[in-house]
Amino acid sequence: MAKKENRLVVTLECTECKNRNYTTEKNKKNDTARLELKRYCRHERKHTLHRETK
């Protein structure tokens, strides 16, 4: 089983309404850049781009 010491919990923020809707994990060794995913925003009622916040 692989160790989870390189995994980091990050929060995703909607780029349109600025609400923090999702949390996810990423590997800080492999993914050094900020994470960007298209996710569903309940407040906008559509799929929008979500970016990783600090």
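**View 1. Four strands in a row, β-β-β-β, make up the order of elements from the N terminus of the protein chain.** This is a predicted model, and its protein chain has four strands and zero helices. Taken along the principal axes, the C-alpha atoms fill a box of roughly 40 × 20 × 15 Å. Of the 54 residues in the chain, 19% are buried. Looking at contacts between residues at least 6 apart in sequence, 34% join residues at least 24 apart.

**View 2. The surface and its charges.** The protein chain shows an accessible surface of about 4500 Å², and carbon and sulfur atoms account for 43% of that area. How many positive and negative side chains does the chain have? There are 16 positive and 8 negative ones, and the centres of the two sets sit 2 Å apart.

**View 3. Arg39 over the ring of Tyr22.** Here Arg39 lies over the face of Tyr22, 4.0 Å from the ring centre. If you go hunting for aromatic pairs, though, you'll come back empty-handed: a search of the whole structure turns up zero of them.

**View 4. Lys18, in the loop between strand 1 and strand 2.** Strand 1 covers 7-14 and strand 2 covers 20-27, with Lys18 in the loop between them. The backbone is the thing to look at here: phi of Lys18 is near 65°, a positive value in a residue other than glycine. For context, most residues other than glycine have a negative phi. Is Lys18 buried or exposed? Lys18 counts as exposed because its relative accessibility is 52% and the cut-off is over 50%.

**View 5. Arg45, another positive phi in a loop.** Arg45 is found in the loop between strand 3 and strand 4. Its phi is positive, about 60°, although Arg45 is not a glycine. With a relative accessible area of 69%, Arg45 is exposed.

**View 6. His43, in the loop that links strand 3 to strand 4.** The strands on either side of this loop are strand 3 (36-41) and strand 4 (46-53). His43 has a relative accessible area of 49%, so it is classed as partly exposed, given that exposed means over 50%. Which residues is His43 in contact with, leaving aside its neighbours within four places in sequence? They are Cys17, Asn19 and Asn21. For one of these, Asn19, the C-alpha to C-alpha distance from His43 is 8.3 Å, with the two positions 24 residues apart in sequence numbering.

**View 7. Thr53, a buried residue in strand 4.** Thr53 has its place in strand 4. The relative accessible area of Thr53 is 10%, so it counts as buried, the cut-off being under 20%. Leaving aside its neighbours within four places in sequence, Thr53 is in contact with Thr11, Glu13 and Arg20. Thr53 and Asn21 make a handy pair for a distance label: they are 32 residues apart in sequence and 11 Å apart in space, C-alpha to C-alpha.

**View 8. Ala2 and Glu5, in the segment before strand 1.** Start with Ala2, which lies in the segment before strand 1. Ala2 counts as exposed, at 70% relative accessibility. Lys29 is 27 residues away from Ala2 in sequence, and the C-alpha atoms of the two are 14 Å apart in space. Glu5 is also found in the segment before strand 1. How far apart are the C-alpha atoms of Glu5 and Lys28, and what is the spacing of these residues along the chain? The C-alpha atoms are separated by 9.6 Å, and the residues are 23 apart along the chain. Glu5 is exposed as well, with a relative accessible area of 58%.

Methods: Residues numbered from 1 in each chain as written. Predicted model: local features only at pLDDT ≥ 70, side-chain atom pairs only at ≥ 80, totals over all residues. Heavy atoms only, no water. Phe/Tyr/Trp six-rings, centres within 6.5 Å; stacked < 30°, edge-to-face > 60°. Lys NZ or Arg CZ within 6 Å of the ring centre and 35° of its normal. Helix = DSSP H or I, 4+ residues; strand = E, 2+ residues; numbered from the N terminus. Buried < 20%, exposed > 50% of the residue type's maximum accessible area, 1.4 Å probe, protein only. Contact = heavy atoms within 4.5 Å. Areas by Shrake-Rupley, 256 points an atom, 1.4 Å probe, with all protein chains shown as cover. Lys, Arg positive; Asp, Glu negative; His and termini not counted. Charge placed at Lys NZ, Arg CZ, Asp CG, Glu CD.
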